[in-house]
Amino acid sequence: MLLFTPGPTPVPESVRIAMAGETLHHRTPEFEAIFERTRTLLFELFGMDEILMLASSGTGAMEGAVINLAHSKLLSINSGKFGERFGKIALAHGIANVEIKHEWDTPATVEEVQAALQANPDIDAIAIQICESAGGLRHSAEAIAAAVKAHNPSIMVIADGITAVGVEKIDVSNIDCLISGSQKALMLPPGLALMGLSNAAIEKIGSGKGYYFNLATEIKNQRKNTTAWTAATTLIIGLESVLNRIKAEGGLDKLYADTARRAQATREALVAIGLSIYPTSPADSMTTIGDAQAKEIRSLLKKEFNSNVAGGQDHIKDSIFRINHMGLIAPYEAAWVINGVELALAKLGRRAYDGTANRVFNTVYFGL
């Protein structure tokens with residue numbers, strides 16, 4: 001079965017083998033050396049002033065970011081399930097929250113963020129998805145972050161890059177906290193959250209807040225190549241393997257270029273066979289198709305074409321399907337899934353199969 005869900009993504013065999021080695025105790029020189037090497041590789045990936053690895057899902061990093069960086073009021077951007085989550089985290093901790101809410105195919109604008117800041121001078125942090133994976137939407141997060149800093153440099157910009165880090169190069173010049181997770185573009189099992197922090201964020205964190213997600217405690221320990229609590233040793237071993245493999249296969253720039261080309265080729269191929277892209281501003285991490293028969297297409301892909309793609313959530317559960325582009329994906333696997341979609345449409349009586357999807361994919365991806 002080809003796993004083409006936008007998280008979890010397939011774990012490469014070389015990484016599975018690396019994680020299958022002997023178990024290391026996390027308070028040993030051997031593991032500290034692995035931790036140090038992995039931190040060095042993560043600084044290259046994130047391009048930020050500090051890096052943290054947390055034994056949690058990405059939601060744990062979201063919570064840690066909110067409680068440590070939003071002291072007065074949070075502005076959250078809600079264009080999907082995960083933007084909604086930032087607001088829920090704030091309210092769970094008694095932090096005031098102002099929300100900009102859109103349908104899940106619609107990105108936030110710089111102008112409405114500026115208006116919210118003008119109306120709420122006590123906002124001290126903003127949380128935004130770079131890619132809102134609930135609908136495959138790409139926010140203009142960097143432009144919004146720049147506008148926030150132009151309004152007030154002390155406002156903390158928290159960016160959820162869980163489905164963006166490892167997908168594309170992110171301009172972090174106005175971002176104070178960039179979050180990622182292991183099971184997306186980093187091709188690992190779930191359970192490891194990652195955070196990049198600016199020096200301004202470190203200063204605001206100060207002595208930190210919370211207990212398990214007290215980021216000051218983690219900063220102090222991780223600078224010594226250890227963790228405050230039990231480290232996710234096996235996942236960190238796998239992470240070093242993943243990052244070294246990316247380097248060996250051409251580096252981050254090649255990974256970003258391949259992902260962007262695969263995303264563009266997929267979108268053009270599916271539009272060519274009469275399907276519609278759901279978000280108005282699609283992210284390169286996935287292609288999201290809006291279709292009244294999305295559930296039926298997904299079922300045929302799984303049962304007859306050995307391909308597992310994701311549906312939606314909540315009110316769009318059965319009206320979209322999402323095809324992953326994150327990670328090191330062989331072009332022939334992506335082509336197989338796209339061909340399966342065209343065959344599924346034929347089985348549903350939507351159009352006669354003629355190979356259009358693969359011809360367009362090959363033209364765009366390979367320049368044929």
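Helices and strands are here DSSP runs, numbered from the N terminus, and with these names in hand the reader can find a way through this predicted model.

A good place to begin is a sheet of three strands, which is open and follows the order β11-β12-β14, with antiparallel pairing. Its edge strands are β11 and β14 (320-324), each of which pairs on one side only. Strands of a sheet pair through backbone hydrogen bonds, in either a parallel or an antiparallel way. Between β12 and β14 the antiparallel pairing extends over five bridges, and within it threonine 287 has isoleucine 323, in β14, as its bridge partner. Helix α10, which spans residues 251-272, lies across β11, β12 and β14, and runs at about 20° to β12.

From the sheet one can turn to a loop residue, aspartate 284, which lies between β11 (276-277) and β12 (286-290). Leaving aside residues up to four places away in sequence, aspartate 284 touches Val167, Thr259, Ala260, Ala263, Arg267 and His325. With one of these residues, arginine 267, the side chain of aspartate 284 makes a polar contact of 3.3 Å through the side chain of the arginine.

Another part of the chain to examine is helix α6, made up of residues 141-151, in which Ala141, Glu142, Ile144, Ala145, Ala147, Val148 and Lys149 are buried. What, then, covers the buried residues of α6? The elements that do so include the helix α5 (110-119) together with the strands β5 (125-129), β7 (137-138) and β8 (156-160).

Note on methods:
Residues are numbered from 1 along each chain as its sequence is written. This is a predicted model: local features need pLDDT of at least 70, side-chain atom pairs count only at pLDDT 80 or more; totals for chains, interfaces and linings use all residues. Side-chain values use heavy atoms; hydrogens and water are left out. Helices (H or I, at least four residues) and strands (E, at least two) are DSSP runs, numbered from the N terminus. A polar contact is a pair of N or O atoms within 3.5 Å; within protein, one must be able to donate a hydrogen and the other to accept it, and residues adjacent in sequence count only if both atoms are side-chain atoms. Contact means heavy atoms within 4.5 Å. Buried means under 20% relative accessible area, exposed over 50%, partly exposed in between (1.4 Å probe, protein chains only). Two strands pair if DSSP finds at least two bridges between them. Axes are lines fitted to C-alpha atoms, for helices over the stretch in contact, and angles run from 0 to 180 degrees between N-to-C directions.
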